[in-house]
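Thanks for asking me to look this over. Here are my notes as numbered points, to read alongside the model.

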Amino acid sequence: MSRKPNWKIACDMTRKPLRQVIALSLSALLIALVGCSSAQLSGGPPPPPPVGNVATISVNGGPLAGTQFAYGNGAFTSVTICVPGSTTQCQTIDGILVDTGSYGLRIEASVLTLSLPQQKDSSNNPIVECGEFGSGFTWGPVQTADFTIAGESAKSLPIQVMGSPSFPDTDAGGATTCASNNGGAGTTADLNSVQSLGANGILGVGNFAEDCGTACTQSGASNPGIYNSCPTASTCVSANEPVASQVVNPVVMFSTDKNGVVIELPAVANGETTTVNGSLIFGIGTESNNGLGNAKILDVDTSAGNFTTVFNANSFGGDEGFLDSGSEALFFLNAATTGLPACPDPGFTQLYCPATNANLSATNEGFSNGNSSTVDFTVGNAEALINSSDNAISILGGEGVATNNALFFDWGLPFFYGTNVFVAIDGATTPGGPGPYVAY
Amino acid sequence: MKPTLLTVVAALFTLAVPLSAQASLGGDVTSVHADQAKLQATVQTTANDAYTVEEVKAPTGVVVREYVSSAGKVFAVAWQGPVHPDLQQLLGSYFQAYKQALQTQKPTHLRRAPIFINQSGLVLEMGGHMRFLVGRAYIPNLVPANVQMEEIR
(Lines give C-alpha, C1' and ligand atoms only; values in the text may rest on other atoms or scores of the structure.)
Protein backbone atom coordinates (compact mmCIF):
# COMPACT_ATOMS: atom_id res chain seq x y z
CA MET A 1 0.00 0.00 0.00
CA SER A 2 1.40 3.36 -0.91
CA ARG A 3 0.74 6.27 1.34
CA LYS A 4 -1.82 8.74 0.10
CA PRO A 5 -1.45 12.07 1.84
CA ASN A 6 -4.76 13.36 3.05
CA TRP A 7 -5.35 16.56 1.20
CA LYS A 8 -8.80 16.87 2.65
CA ILE A 9 -8.74 17.40 6.38
CA ALA A 10 -5.77 19.58 7.00
CA CYS A 11 -6.81 22.50 4.87
CA ASP A 12 -8.57 23.58 8.03
CA MET A 13 -5.53 25.45 9.28
CA THR A 14 -7.36 26.74 12.31
CA ARG A 15 -7.39 23.36 14.02
CA LYS A 16 -3.68 22.87 13.55
CA PRO A 17 -1.08 24.16 15.97
CA LEU A 18 1.29 26.73 14.59
CA ARG A 19 4.25 24.44 15.00
CA GLN A 20 2.70 21.91 12.67
CA VAL A 21 2.29 24.50 9.96
CA ILE A 22 5.88 25.55 10.45
CA ALA A 23 6.91 21.93 10.27
CA LEU A 24 5.58 21.61 6.75
CA SER A 25 8.15 21.95 4.09
CA LEU A 26 7.92 25.21 2.22
CA SER A 27 6.77 23.52 -0.93
CA ALA A 28 4.10 21.55 0.85
CA LEU A 29 2.94 24.70 2.53
CA LEU A 30 2.65 26.47 -0.78
CA ILE A 31 0.72 23.60 -2.27
CA ALA A 32 -1.51 23.57 0.75
CA LEU A 33 -2.21 27.27 0.58
CA VAL A 34 -2.84 27.19 -3.13
CA GLY A 35 -5.09 24.22 -2.65
CA CYS A 36 -7.10 25.94 0.03
CA SER A 37 -7.59 29.17 -1.84
CA SER A 38 -8.67 27.47 -5.03
CA ALA A 39 -11.12 25.32 -3.12
CA GLN A 40 -12.61 28.32 -1.43
CA LEU A 41 -12.99 30.06 -4.74
CA SER A 42 -14.48 27.14 -6.55
CA GLY A 43 -16.61 25.86 -3.70
CA GLY A 44 -15.41 22.36 -4.52
CA PRO A 45 -14.31 19.71 -2.07
CA PRO A 46 -11.98 20.95 0.65
CA PRO A 47 -8.40 20.79 -0.53
CA PRO A 48 -5.71 18.66 0.78
CA PRO A 49 -2.83 19.73 3.05
CA PRO A 50 -1.12 16.89 4.91
CA VAL A 51 -2.63 15.87 8.21
CA GLY A 52 -0.74 16.43 11.44
CA ASN A 53 -0.10 12.79 12.27
CA VAL A 54 2.94 12.33 10.03
CA ALA A 55 6.52 12.69 11.21
CA THR A 56 9.31 12.42 8.69
CA ILE A 57 11.80 9.64 9.34
CA SER A 58 15.14 9.28 7.64
CA VAL A 59 17.56 6.38 7.42
CA ASN A 60 20.56 8.65 7.28
CA GLY A 61 23.18 7.18 9.61
CA GLY A 62 22.10 9.29 12.57
CA PRO A 63 24.30 11.75 14.51
CA LEU A 64 27.47 9.78 13.73
CA ALA A 65 26.76 9.59 9.99
CA GLY A 66 29.85 9.63 7.83
CA THR A 67 31.98 7.93 10.46
CA GLN A 68 32.67 4.24 10.89
CA PHE A 69 30.22 4.33 13.78
CA ALA A 70 27.27 5.56 11.73
CA TYR A 71 24.00 3.88 12.69
CA GLY A 72 23.27 1.84 9.60
CA ASN A 73 19.63 0.89 9.16
CA GLY A 74 18.35 3.23 11.85
CA ALA A 75 15.27 5.37 11.17
CA PHE A 76 15.69 8.80 12.74
CA THR A 77 13.20 11.53 13.48
CA SER A 78 13.08 14.73 15.48
CA VAL A 79 10.99 15.57 18.54
CA THR A 80 10.31 18.73 20.49
CA ILE A 81 10.26 18.72 24.28
CA CYS A 82 9.48 21.58 26.63
CA VAL A 83 9.65 22.15 30.35
CA PRO A 84 6.11 21.16 31.40
CA GLY A 85 3.74 24.09 31.00
CA SER A 86 6.27 26.27 29.20
CA THR A 87 6.04 27.35 25.58
CA THR A 88 9.44 29.05 25.58
CA GLN A 89 11.74 26.61 27.38
CA CYS A 90 11.71 24.13 24.54
CA GLN A 91 14.19 22.15 22.51
CA THR A 92 13.92 20.32 19.22
CA ILE A 93 16.18 17.29 19.12
CA ASP A 94 16.94 15.38 15.95
CA GLY A 95 18.75 12.08 15.59
CA ILE A 96 16.08 10.27 17.61
CA LEU A 97 15.90 6.57 16.77
CA VAL A 98 12.41 5.26 15.99
CA ASP A 99 12.22 1.91 17.80
CA THR A 100 9.36 -0.57 17.64
CA GLY A 101 11.26 -2.79 20.09
CA SER A 102 10.87 -0.45 23.08
CA TYR A 103 8.39 1.87 24.74
CA GLY A 104 8.88 5.49 25.72
CA LEU A 105 11.20 8.40 25.04
CA ARG A 106 14.85 8.37 26.15
CA ILE A 107 17.23 11.28 25.55
CA GLU A 108 21.00 11.38 26.01
CA ALA A 109 21.85 13.92 28.72
CA SER A 110 24.69 15.33 26.62
CA VAL A 111 22.29 16.73 24.01
CA LEU A 112 19.70 17.99 26.49
CA THR A 113 19.88 21.74 27.10
CA LEU A 114 16.69 21.99 29.16
CA SER A 115 16.44 21.54 32.90
CA LEU A 116 13.50 19.16 33.30
CA PRO A 117 11.73 18.36 36.56
CA GLN A 118 12.98 15.19 38.26
CA GLN A 119 10.43 12.54 39.16
CA LYS A 120 10.56 11.64 42.86
CA ASP A 121 8.99 9.02 45.05
CA SER A 122 6.88 9.62 48.17
CA SER A 123 10.06 10.06 50.24
CA ASN A 124 11.26 12.75 47.85
CA ASN A 125 14.01 10.53 46.45
CA PRO A 126 14.80 10.71 42.72
CA ILE A 127 13.55 7.87 40.53
CA VAL A 128 16.26 6.42 38.30
CA GLU A 129 15.63 3.75 35.71
CA CYS A 130 17.48 0.73 34.37
CA GLY A 131 16.22 0.08 30.85
CA GLU A 132 17.19 -3.30 29.42
CA PHE A 133 17.39 -3.72 25.66
CA GLY A 134 18.37 -6.72 23.56
CA SER A 135 21.70 -5.07 22.92
CA GLY A 136 22.47 -3.26 26.15
CA PHE A 137 21.21 -1.04 28.92
CA THR A 138 20.22 2.53 29.67
CA TRP A 139 20.66 4.09 33.11
CA GLY A 140 19.40 7.47 34.16
CA PRO A 141 16.78 9.57 35.92
CA VAL A 142 13.09 9.75 35.04
CA GLN A 143 12.10 13.33 34.27
CA THR A 144 9.00 14.89 32.73
CA ALA A 145 8.54 16.99 29.61
CA ASP A 146 5.80 18.26 27.34
CA PHE A 147 6.30 16.37 24.11
CA THR A 148 5.46 17.25 20.52
CA ILE A 149 6.02 15.38 17.28
CA ALA A 150 4.37 16.41 14.00
CA GLY A 151 0.93 17.70 15.09
CA GLU A 152 0.66 15.34 18.08
CA SER A 153 1.48 16.17 21.66
CA ALA A 154 1.64 14.66 25.15
CA LYS A 155 1.78 16.77 28.30
CA SER A 156 4.00 15.89 31.26
CA LEU A 157 5.42 12.81 29.62
CA PRO A 158 7.73 10.74 31.86
CA ILE A 159 10.97 10.20 29.92
CA GLN A 160 14.37 8.74 30.73
CA VAL A 161 17.49 10.89 30.59
CA MET A 162 20.44 8.62 29.77
CA GLY A 163 24.01 9.24 30.85
CA SER A 164 23.14 11.95 33.36
CA PRO A 165 26.23 13.19 35.22
CA SER A 166 24.04 13.29 38.35
CA PHE A 167 23.49 9.52 38.15
CA PRO A 168 26.54 8.07 36.42
CA ASP A 169 26.38 4.58 34.94
CA THR A 170 29.35 3.24 36.84
CA ASP A 171 30.01 -0.36 37.77
CA ALA A 172 29.89 0.63 41.41
CA GLY A 173 27.19 2.40 43.37
CA GLY A 174 23.59 2.87 42.34
CA ALA A 175 23.97 1.53 38.83
CA THR A 176 25.85 -1.60 39.88
CA THR A 177 23.20 -4.19 39.17
CA CYS A 178 22.01 -2.48 36.00
CA ALA A 179 25.48 -2.11 34.55
CA SER A 180 26.78 -5.48 35.70
CA ASN A 181 23.77 -7.35 34.42
CA ASN A 182 24.37 -5.95 30.99
CA GLY A 183 28.11 -6.26 30.59
CA GLY A 184 29.29 -3.27 32.55
CA ALA A 185 29.81 0.46 32.12
CA GLY A 186 31.85 1.51 29.14
CA THR A 187 31.23 -1.65 27.10
CA THR A 188 29.50 -1.73 23.75
CA ALA A 189 26.34 -2.62 25.70
CA ASP A 190 26.44 0.68 27.58
CA LEU A 191 23.98 2.85 25.65
CA ASN A 192 24.38 5.95 27.81
CA SER A 193 26.21 8.16 25.36
CA VAL A 194 25.62 9.39 21.83
CA GLN A 195 28.88 7.74 20.81
CA SER A 196 27.80 4.35 22.11
CA LEU A 197 24.11 4.48 21.16
CA GLY A 198 24.70 6.13 17.80
CA ALA A 199 21.62 8.28 18.40
CA ASN A 200 20.63 11.32 20.44
CA GLY A 201 17.72 9.40 21.87
CA ILE A 202 15.22 6.60 21.38
CA LEU A 203 11.52 6.98 20.63
CA GLY A 204 9.98 3.65 21.63
CA VAL A 205 6.70 3.14 19.76
CA GLY A 206 6.30 -0.63 20.12
CA ASN A 207 3.33 -2.77 21.15
CA PHE A 208 3.10 -1.64 24.77
CA ALA A 209 2.32 1.56 26.61
CA GLU A 210 4.71 1.45 29.57
CA ASP A 211 8.22 0.04 29.51
CA CYS A 212 7.43 -2.15 32.52
CA GLY A 213 3.76 -2.28 33.51
CA THR A 214 2.16 -3.62 36.66
CA ALA A 215 5.18 -5.74 37.66
CA CYS A 216 7.05 -2.56 38.63
CA THR A 217 4.28 -1.53 41.02
CA GLN A 218 4.89 -4.65 43.14
CA SER A 219 6.89 -4.92 46.31
CA GLY A 220 9.75 -7.24 47.16
CA ALA A 221 10.75 -10.18 45.01
CA SER A 222 7.92 -9.61 42.53
CA ASN A 223 9.43 -6.31 41.40
CA PRO A 224 11.87 -6.67 38.52
CA GLY A 225 13.89 -3.68 39.74
CA ILE A 226 13.65 -1.53 36.63
CA TYR A 227 12.77 1.58 38.65
CA ASN A 228 14.96 2.64 41.53
CA SER A 229 14.72 5.11 44.35
CA CYS A 230 18.08 6.84 44.71
CA PRO A 231 18.61 9.08 47.77
CA THR A 232 22.12 9.51 46.36
CA ALA A 233 23.65 8.49 43.05
CA SER A 234 25.46 5.62 44.74
CA THR A 235 22.62 4.27 46.88
CA CYS A 236 19.65 3.01 44.96
CA VAL A 237 16.97 0.52 45.94
CA SER A 238 14.21 -1.02 43.87
CA ALA A 239 11.16 1.25 43.81
CA ASN A 240 7.44 0.55 43.49
CA GLU A 241 6.66 2.70 40.48
CA PRO A 242 2.98 3.46 39.75
CA VAL A 243 2.01 2.66 36.18
CA ALA A 244 1.07 6.29 35.54
CA SER A 245 4.59 7.40 36.51
CA GLN A 246 6.44 4.94 34.30
CA VAL A 247 8.25 5.90 31.11
CA VAL A 248 5.52 5.51 28.53
CA ASN A 249 5.10 5.27 24.79
CA PRO A 250 3.98 8.86 24.08
CA VAL A 251 1.48 7.69 21.46
CA VAL A 252 -0.95 6.51 24.15
CA MET A 253 -0.99 10.03 25.63
CA PHE A 254 -1.99 11.75 22.39
CA SER A 255 -5.55 13.08 22.27
CA THR A 256 -6.18 11.33 18.95
CA ASP A 257 -4.26 8.87 16.76
CA LYS A 258 -3.27 7.07 19.96
CA ASN A 259 -3.87 3.38 19.18
CA GLY A 260 -0.58 2.71 17.40
CA VAL A 261 1.70 3.76 14.59
CA VAL A 262 2.50 3.00 10.98
CA ILE A 263 6.06 2.99 9.69
CA GLU A 264 6.46 3.59 5.98
CA LEU A 265 9.81 3.27 4.25
CA PRO A 266 10.23 2.82 0.50
CA ALA A 267 11.94 -0.19 -1.00
CA VAL A 268 15.69 0.11 -1.53
CA ALA A 269 16.73 -0.55 -5.12
CA ASN A 270 19.75 -2.86 -5.44
CA GLY A 271 19.86 -3.44 -1.70
CA GLU A 272 21.64 -0.29 -0.54
CA THR A 273 21.54 3.47 -0.83
CA THR A 274 22.80 6.57 0.94
CA THR A 275 19.59 7.82 2.53
CA VAL A 276 15.97 6.73 2.62
CA ASN A 277 13.16 8.99 3.76
CA GLY A 278 9.81 7.78 5.00
CA SER A 279 7.05 8.45 7.50
CA LEU A 280 6.13 7.63 11.05
CA ILE A 281 2.35 7.95 11.00
CA PHE A 282 0.39 8.07 14.24
CA GLY A 283 -2.84 6.16 14.64
CA ILE A 284 -4.24 3.11 12.89
CA GLY A 285 -7.45 3.69 10.93
CA THR A 286 -7.94 7.05 12.60
CA GLU A 287 -7.25 9.24 9.56
CA SER A 288 -7.34 8.81 5.81
CA ASN A 289 -3.60 8.12 5.73
CA ASN A 290 -3.33 5.25 8.20
CA GLY A 291 -5.90 2.65 7.15
CA LEU A 292 -5.00 -1.02 7.42
CA GLY A 293 -6.03 -1.78 3.84
CA ASN A 294 -5.07 -5.35 3.03
CA ALA A 295 -2.40 -5.64 5.70
CA LYS A 296 -2.26 -9.03 7.40
CA ILE A 297 -2.79 -8.79 11.14
CA LEU A 298 -0.56 -10.93 13.35
CA ASP A 299 -1.46 -10.69 17.00
CA VAL A 300 1.39 -10.74 19.51
CA ASP A 301 1.40 -12.10 23.05
CA THR A 302 0.59 -9.64 25.80
CA SER A 303 3.64 -10.32 27.95
CA ALA A 304 6.52 -10.21 25.44
CA GLY A 305 4.97 -8.75 22.29
CA ASN A 306 6.04 -11.57 19.98
CA PHE A 307 4.48 -13.60 17.20
CA THR A 308 5.86 -16.89 15.83
CA THR A 309 8.43 -17.17 13.07
CA VAL A 310 9.00 -20.49 11.36
CA PHE A 311 12.22 -20.73 9.39
CA ASN A 312 13.85 -23.93 8.18
CA ALA A 313 10.89 -25.67 9.77
CA ASN A 314 12.37 -29.11 9.32
CA SER A 315 15.22 -28.29 11.64
CA PHE A 316 13.80 -25.64 13.92
CA GLY A 317 10.17 -25.31 14.96
CA GLY A 318 8.55 -21.97 15.55
CA ASP A 319 10.42 -19.31 17.41
CA GLU A 320 9.69 -16.02 19.03
CA GLY A 321 9.60 -13.48 16.23
CA PHE A 322 9.41 -9.73 16.54
CA LEU A 323 9.59 -6.63 14.35
CA ASP A 324 12.26 -4.34 15.76
CA SER A 325 12.98 -1.20 13.74
CA GLY A 326 15.90 -0.46 16.08
CA SER A 327 17.78 -3.60 15.03
CA GLU A 328 20.17 -2.99 12.18
CA ALA A 329 19.82 -6.33 10.46
CA LEU A 330 17.69 -9.45 10.34
CA PHE A 331 19.19 -11.52 13.15
CA PHE A 332 18.43 -15.23 12.99
CA LEU A 333 20.15 -18.51 13.85
CA ASN A 334 23.86 -18.80 13.09
CA ALA A 335 26.21 -19.66 10.27
CA ALA A 336 26.24 -23.37 11.05
CA THR A 337 22.46 -23.72 10.93
CA THR A 338 21.69 -21.38 8.03
CA GLY A 339 24.64 -22.33 5.85
CA LEU A 340 25.31 -18.62 5.38
CA PRO A 341 28.98 -17.90 6.07
CA ALA A 342 29.81 -15.41 8.78
CA CYS A 343 31.90 -12.43 7.67
CA PRO A 344 35.64 -13.07 8.04
CA ASP A 345 36.54 -9.49 9.09
CA PRO A 346 36.18 -9.08 12.88
CA GLY A 347 34.75 -5.62 12.28
CA PHE A 348 31.71 -7.33 10.81
CA THR A 349 31.25 -9.87 13.59
CA GLN A 350 27.86 -11.59 13.62
CA LEU A 351 26.94 -10.50 10.09
CA TYR A 352 26.46 -12.88 7.19
CA CYS A 353 28.70 -12.72 4.14
CA PRO A 354 27.38 -15.09 1.47
CA ALA A 355 29.33 -14.98 -1.79
CA THR A 356 26.12 -14.26 -3.68
CA ASN A 357 22.79 -12.95 -2.46
CA ALA A 358 20.83 -15.65 -0.64
CA ASN A 359 17.09 -15.66 -1.24
CA LEU A 360 15.28 -17.04 1.79
CA SER A 361 11.76 -17.45 3.07
CA ALA A 362 10.13 -17.63 6.49
CA THR A 363 6.57 -17.78 7.75
CA ASN A 364 5.25 -15.45 10.41
CA GLU A 365 2.23 -16.62 12.39
CA GLY A 366 0.03 -14.68 14.76
CA PHE A 367 0.49 -15.61 18.41
CA SER A 368 -3.09 -16.85 18.62
CA ASN A 369 -5.24 -15.44 15.79
CA GLY A 370 -4.39 -18.09 13.20
CA ASN A 371 -3.13 -15.62 10.61
CA SER A 372 0.11 -16.27 8.83
CA SER A 373 2.19 -14.71 6.12
CA THR A 374 5.16 -15.81 4.10
CA VAL A 375 8.08 -13.41 4.05
CA ASP A 376 10.63 -13.66 1.26
CA PHE A 377 13.88 -11.93 2.10
CA THR A 378 17.40 -11.64 0.81
CA VAL A 379 20.70 -11.66 2.65
CA GLY A 380 23.70 -10.17 0.87
CA ASN A 381 27.39 -9.90 1.67
CA ALA A 382 27.69 -7.50 4.61
CA GLU A 383 31.34 -6.66 4.02
CA ALA A 384 30.60 -5.73 0.42
CA LEU A 385 27.44 -3.80 1.36
CA ILE A 386 28.59 -1.78 4.36
CA ASN A 387 30.61 1.28 3.50
CA SER A 388 30.94 4.81 4.76
CA SER A 389 28.22 6.32 2.61
CA ASP A 390 25.32 3.89 2.37
CA ASN A 391 23.14 4.09 5.47
CA ALA A 392 20.20 2.03 4.23
CA ILE A 393 20.87 -1.63 3.45
CA SER A 394 17.80 -3.74 2.87
CA ILE A 395 19.58 -7.10 2.49
CA LEU A 396 21.60 -7.18 5.71
CA GLY A 397 21.44 -10.30 7.86
CA GLY A 398 23.32 -11.58 10.86
CA GLU A 399 23.59 -14.30 13.45
CA GLY A 400 21.07 -14.14 16.29
CA VAL A 401 22.83 -16.76 18.39
CA ALA A 402 26.19 -18.43 18.83
CA THR A 403 24.72 -21.88 19.43
CA ASN A 404 22.94 -24.11 16.92
CA ASN A 405 19.50 -23.26 18.17
CA ALA A 406 17.49 -20.09 17.83
CA LEU A 407 16.38 -18.02 20.78
CA PHE A 408 14.38 -15.60 18.58
CA PHE A 409 14.01 -14.23 15.05
CA ASP A 410 14.72 -10.50 15.12
CA TRP A 411 13.17 -8.79 12.10
CA GLY A 412 15.20 -5.58 12.08
CA LEU A 413 14.85 -2.53 9.89
CA PRO A 414 15.59 -4.38 6.61
CA PHE A 415 12.13 -5.93 7.02
CA PHE A 416 10.51 -2.47 6.95
CA TYR A 417 11.75 -1.29 3.54
CA GLY A 418 8.96 -1.42 0.99
CA THR A 419 6.42 -2.68 3.52
CA ASN A 420 4.07 -0.51 5.54
CA VAL A 421 4.20 -1.83 9.09
CA PHE A 422 1.38 -1.24 11.60
CA VAL A 423 2.09 -1.57 15.32
CA ALA A 424 -1.06 -1.64 17.49
CA ILE A 425 -0.66 -1.00 21.20
CA ASP A 426 -1.76 -3.46 23.89
CA GLY A 427 -5.38 -2.81 24.82
CA ALA A 428 -5.99 -0.22 22.10
CA THR A 429 -9.08 -0.29 19.89
CA THR A 430 -8.43 -0.36 16.16
CA PRO A 431 -10.45 -1.16 13.03
CA GLY A 432 -8.49 -4.42 12.90
CA GLY A 433 -9.50 -5.43 16.42
CA PRO A 434 -7.80 -4.83 19.75
CA GLY A 435 -4.03 -4.49 20.15
CA PRO A 436 -1.44 -5.74 20.61
CA TYR A 437 -0.67 -6.76 17.06
CA VAL A 438 1.57 -6.04 14.13
CA ALA A 439 0.26 -5.89 10.58
CA TYR A 440 1.93 -5.51 7.24
CA MET B 1 15.88 -48.39 56.81
CA LYS B 2 12.38 -47.00 56.81
CA PRO B 3 12.36 -43.25 57.00
CA THR B 4 11.47 -42.09 60.43
CA LEU B 5 9.59 -38.90 61.03
CA LEU B 6 12.85 -37.38 62.16
CA THR B 7 14.70 -38.07 58.89
CA VAL B 8 11.77 -36.71 56.85
CA VAL B 9 11.75 -33.55 58.88
CA ALA B 10 15.50 -33.28 58.48
CA ALA B 11 15.18 -33.57 54.72
CA LEU B 12 12.53 -30.86 54.58
CA PHE B 13 14.63 -28.67 56.79
CA THR B 14 17.61 -29.06 54.48
CA LEU B 15 15.55 -27.89 51.54
CA ALA B 16 14.05 -24.98 53.39
CA VAL B 17 17.27 -23.49 54.73
CA PRO B 18 18.78 -20.98 52.32
CA LEU B 19 22.18 -22.28 51.40
CA SER B 20 25.15 -20.01 51.42
CA ALA B 21 26.47 -21.15 48.05
CA GLN B 22 25.83 -18.44 45.49
CA ALA B 23 27.60 -19.77 42.43
CA SER B 24 25.43 -21.12 39.69
CA LEU B 25 27.01 -21.74 36.31
CA GLY B 26 29.86 -24.18 36.95
CA GLY B 27 28.68 -24.63 40.53
CA ASP B 28 26.91 -27.58 42.06
CA VAL B 29 23.24 -28.30 42.29
CA THR B 30 22.85 -26.74 45.72
CA SER B 31 23.37 -23.35 44.10
CA VAL B 32 20.03 -23.82 42.37
CA HIS B 33 18.36 -23.90 45.74
CA ALA B 34 20.19 -20.75 46.71
CA ASP B 35 18.64 -19.10 43.69
CA GLN B 36 15.25 -20.39 44.69
CA ALA B 37 15.55 -18.93 48.16
CA LYS B 38 16.79 -15.57 46.99
CA LEU B 39 14.21 -15.22 44.25
CA GLN B 40 11.31 -16.58 46.28
CA ALA B 41 10.81 -18.75 43.26
CA THR B 42 9.27 -22.09 42.48
CA VAL B 43 11.41 -24.89 41.13
CA GLN B 44 10.36 -27.65 38.80
CA THR B 45 12.76 -30.51 38.16
CA THR B 46 12.83 -32.73 35.11
CA ALA B 47 15.48 -35.29 34.27
CA ASN B 48 16.70 -37.45 31.44
CA ASP B 49 19.65 -39.81 31.11
CA ALA B 50 22.20 -37.07 30.62
CA TYR B 51 21.13 -34.24 32.88
CA THR B 52 18.57 -32.68 35.15
CA VAL B 53 16.81 -29.39 34.42
CA GLU B 54 15.88 -27.19 37.34
CA GLU B 55 13.41 -24.59 36.12
CA VAL B 56 13.25 -21.64 38.49
CA LYS B 57 10.26 -19.32 38.08
CA ALA B 58 10.61 -16.02 39.88
CA PRO B 59 7.58 -13.87 40.75
CA THR B 60 8.99 -11.21 38.41
CA GLY B 61 8.13 -13.45 35.46
CA VAL B 62 11.76 -14.34 34.82
CA VAL B 63 12.23 -18.05 34.12
CA VAL B 64 15.70 -19.56 34.54
CA ARG B 65 16.59 -23.11 33.54
CA GLU B 66 19.70 -24.60 35.07
CA TYR B 67 21.11 -27.73 33.46
CA VAL B 68 22.81 -30.06 35.91
CA SER B 69 25.03 -32.94 34.80
CA SER B 70 25.03 -36.33 36.46
CA ALA B 71 28.21 -35.19 38.20
CA GLY B 72 26.10 -32.53 39.91
CA LYS B 73 27.55 -29.53 38.06
CA VAL B 74 25.50 -26.75 36.49
CA PHE B 75 26.91 -26.81 32.94
CA ALA B 76 24.41 -24.47 31.29
CA VAL B 77 21.81 -21.85 32.13
CA ALA B 78 19.10 -20.31 29.96
CA TRP B 79 16.65 -17.58 30.78
CA GLN B 80 13.73 -15.53 29.51
CA GLY B 81 11.61 -12.77 30.97
CA PRO B 82 10.73 -9.08 31.11
CA VAL B 83 14.26 -8.38 32.40
CA HIS B 84 17.50 -10.34 32.53
CA PRO B 85 17.97 -12.28 35.79
CA ASP B 86 20.75 -11.26 38.18
CA LEU B 87 23.64 -12.43 36.03
CA GLN B 88 26.21 -11.94 38.77
CA GLN B 89 24.44 -14.62 40.75
CA LEU B 90 23.53 -16.79 37.79
CA LEU B 91 26.97 -16.83 36.18
CA GLY B 92 28.78 -17.14 39.48
CA SER B 93 32.53 -17.47 39.00
CA TYR B 94 32.10 -16.94 35.25
CA PHE B 95 30.64 -13.47 35.69
CA GLN B 96 34.07 -11.84 35.53
CA ALA B 97 34.86 -13.68 32.31
CA TYR B 98 31.60 -12.39 30.86
CA LYS B 99 32.37 -8.80 31.81
CA GLN B 100 35.95 -9.03 30.63
CA ALA B 101 34.89 -10.44 27.28
CA LEU B 102 32.47 -7.58 26.69
CA GLN B 103 34.96 -4.99 27.81
CA THR B 104 37.50 -6.17 25.27
CA GLN B 105 34.97 -6.34 22.45
CA LYS B 106 35.60 -3.58 19.96
CA PRO B 107 32.76 -1.60 18.47
CA THR B 108 31.96 -2.99 15.06
CA HIS B 109 29.82 -1.78 12.23
CA LEU B 110 26.91 -3.16 14.17
CA ARG B 111 25.49 -0.98 16.88
CA ARG B 112 22.29 -2.62 17.97
CA ALA B 113 22.60 -6.35 17.74
CA PRO B 114 22.34 -9.39 20.03
CA ILE B 115 25.27 -9.83 22.43
CA PHE B 116 27.66 -12.75 21.85
CA ILE B 117 30.57 -14.22 23.70
CA ASN B 118 31.96 -17.31 22.01
CA GLN B 119 35.09 -18.43 23.79
CA SER B 120 36.49 -21.83 24.61
CA GLY B 121 35.81 -21.29 28.30
CA LEU B 122 32.41 -19.61 28.06
CA VAL B 123 29.65 -19.24 25.53
CA LEU B 124 27.08 -16.58 26.33
CA GLU B 125 24.40 -15.10 24.11
CA MET B 126 21.64 -12.68 24.94
CA GLY B 127 19.17 -10.59 23.02
CA GLY B 128 15.51 -9.81 22.46
CA HIS B 129 13.86 -6.48 23.02
CA MET B 130 12.47 -4.46 25.92
CA ARG B 131 10.03 -6.65 27.94
CA PHE B 132 11.37 -9.78 26.19
CA LEU B 133 14.91 -10.55 27.22
CA VAL B 134 16.36 -13.95 26.59
CA GLY B 135 19.75 -15.53 27.01
CA ARG B 136 21.82 -18.66 27.37
CA ALA B 137 25.27 -19.45 28.75
CA TYR B 138 27.30 -22.62 29.11
CA ILE B 139 30.76 -23.95 29.84
CA PRO B 140 31.75 -26.04 26.80
CA ASN B 141 34.06 -28.40 28.68
CA LEU B 142 31.45 -29.11 31.37
CA VAL B 143 28.77 -30.12 28.87
CA PRO B 144 28.22 -33.90 29.03
CA ALA B 145 29.45 -35.65 25.91
CA ASN B 146 26.06 -36.85 24.71
CA VAL B 147 24.19 -33.55 25.09
CA GLN B 148 23.15 -31.61 22.00
CA MET B 149 23.28 -27.88 22.67
CA GLU B 150 20.06 -27.52 20.68
CA GLU B 151 18.35 -28.82 23.80
CA ILE B 152 19.55 -25.91 25.90
CA ARG B 153 17.17 -22.97 25.84
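1. First, a term: two strands pair if DSSP finds at least two bridges between them. Helices (H or I, at least four residues) and strands (E, at least two) are DSSP runs, numbered from the N terminus. This is a predicted model, in which local features need pLDDT of at least 70, side-chain atom pairs count only at pLDDT 80 or more, and totals for chains, interfaces and linings use all residues. Residues are numbered from 1 along each chain as its sequence is written, and chains are lettered from A and ligands numbered from 1 in the order in which they are written, while side-chain values use heavy atoms and leave out hydrogens and water.

2. Start with chain B, where seven strands form an open, antiparallel sheet in the order E1-E2-E3-E4-E7-E6-E5. Its edges are strand E1 (42–47) and strand E5 (115–118) of chain B, each pairing on one side only. On average, neighbouring strands of this sheet are turned by 10 degrees against each other, direction ignored.

3. Within chain B, strand E4 (residues 74–81) and strand E7 (residues 132–138) run antiparallel and are joined by six bridges. If you want one pair to click on, Val77(B) has Ala137(B) in E7(B) as its bridge partner.

4. Next, helix H4 (residues 95–104) of chain B lies across E5 and strand E6 (123–129) of chain B, at about 110 degrees to E5(B). Such angles run from 0 to 180 degrees between N-to-C directions, with axes as lines fitted to C-alpha atoms, for helices over the stretch in contact (heavy atoms within 4.5 Å).

5. Which residues of H4(B) are buried (under 20% relative accessible area, 1.4 Å probe, protein chains only; exposed is over 50%)? They are Phe95(B), Tyr98(B), Lys99(B), Ala101(B) and Leu102(B). These residues cover an arc of only 160 degrees around the axis (taken from the directions to the C-beta atoms), which puts them on the same side of H4(B). The face turned away from that buried side carries the exposed Gln100(B) and Thr104(B).

6. The buried residues of H4(B) also reach the partner chain: they pack against helix H3 (176–181) of chain A, together with helix H3 (87–91), E5 and E6 of chain B.

7. As for the interface, 69 residues of chain A are in contact with 47 residues of chain B. The two chains bury about 4,900 Å² between them (accessible area lost on being put together, 1.4 Å probe, summed over both). Glu132(A), Asn181(A) and Leu407(A) supply 13% of the area that chain A buries against chain B, more than any other three residues.
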